[in-house]
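Work through the exercises below with the structure open beside you. Try each task before reading its solution.

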Amino acid sequence: MMRSFCPHRSLMPRTLESQITLEKTPSYFVTQEAPRRIFNMSRDTKLIVVVRNPVTRAISDYTQTLSKKPDIPTFEGLSFRNRTLGLVDVSWNAIRIGMYVLHLESWLQYFPLAQIHFVSGERLITDPAGEMGRVQDFLGIKRFITDKHFYFNKTKGFPCLKKTESSLLPRCLGKSKGRTHVQIDPEVIDQLREFYRPYNIKFYETVGQDFRWE
């Protein structure tokens with residue numbers, strides 16, 4: 001039986017042998033206490049993590065924050081302690097989250113790599129059916145979700161789910177998704193790419209998958 005990886009098991013619905021219960025919280029992967037708590041709840045839990053280019057992810061994070069707090073410092077100002085010296089400020093959450101291999105090390109203290117599946121955020125947009133197919137294989141279930149379930153929404157720039165038997169309307173990501181990213185100085189982007197490169201390479205080697213973020 002596979003249960004949700006929510007630390008609050010009592011809040012989850014009862015799961016039958018023929019069912020899989022899922023729970024989604026983006027902050028789990030970067031929360032120090034989460035691996036131990038989830039392991040103590042159920043060491044057989046399967047974990048799914050969506051990752052994307054760390055630089056793009058940081059810019060997206062900043063764009064979302066800027067929409068709520070328009071008076072925050074510039075992206076460049078938050079990204080560097082000293083840009084001239086190339087000193088990146090790893091205390092800024094938007095930067096630190098993208099250092100995936102550091103967070104993964106905490107999870108591998110409790111769970112084998114075989115119980116963790118990494119979804120490419122880029123391929124989730126360009127090939128949603130393919131990525132979902134691999135997720136279904138990882139969970140050990142039949143490939144029910146296929147190409148026929150998706151269409152590309154040009155307005156949002158993301159694939160959306162077509163209407164189903166239980167819903168007459170298509171399902172797309174919320175209003176906060178698909179915002180046009182803030183324009184960032186290309187030199188800043190290059191500096192961040194250099195910063196992330198060793199972390200990315202070690203991440204690729206650890207998970208045995210090249211996400212081609214360089």
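The exercises use a predicted model and deal with a cavity and some salt bridges.

**Exercise 1.** Find which residues line the second largest cavity, and which element gives the most to its lining.

Solution.
1. The whole structure holds two cavities of 30 Å³ or more, and the second largest has a volume of about 40 Å³.
2. Its lining consists of Asn53, Pro54, Val55, Arg193, Tyr196, Asn200, Trp213 and Glu214.
3. Two elements, α2 (54–68) and α8 (186–207), give two or more residues to this lining.
4. The most comes from α8, with three residues.
5. By type, the lining divides into four nonpolar, two polar and two charged residues.

**Exercise 2.** Determine how far apart in the chain Asp185 and Arg83 are, and whether each is buried or partly exposed.

Solution.
1. The side chains of Asp185 and Arg83 form a salt bridge, with N to O at 3.8 Å.
2. Asp185 lies in the loop between β6 (158–161) and α8, and Arg83 in the loop between β2 (80–82) and β3 (87–88); they are 102 residues apart.
3. Buried means under 20% relative accessible area. Asp185 has 34%, so it is partly exposed; Arg83 has 21%, so it is partly exposed too.

**Exercise 3.** Work out how Glu131 and Arg134 are placed in their helix, and which of the two is buried.

Solution.
1. A salt bridge joins their side chains (2.6 Å, N to O).
2. Glu131 and Arg134 are three residues apart in helix α7 (residues 128–139), so about one helical turn separates them.
3. Glu131, at 1% relative accessible area, is buried, whereas Arg134, at 34%, is partly exposed.

Key: Residues numbered from 1 in each chain as written. Predicted model: local features only at pLDDT ≥ 70, side-chain atom pairs only at ≥ 80, totals over all residues. Heavy atoms only, no water. 1 Å grid on protein atoms, 1.4 Å probe; cavity = no way out; pocket = protein on both sides within 12 Å on 5 of 7 lines; lining within 4 Å. Points joined across faces, edges and corners; volume = space filled by probe spheres on them. Helix = DSSP H or I, 4+ residues; strand = E, 2+ residues; numbered from the N terminus. Nonpolar A, V, L, I, M, F, W, Y, C, P; charged D, E, K, R; others polar. Salt bridge = Lys/Arg side-chain N within 4 Å of Asp/Glu carboxyl O. Buried < 20%, exposed > 50% of the residue type's maximum accessible area, 1.4 Å probe, protein only.
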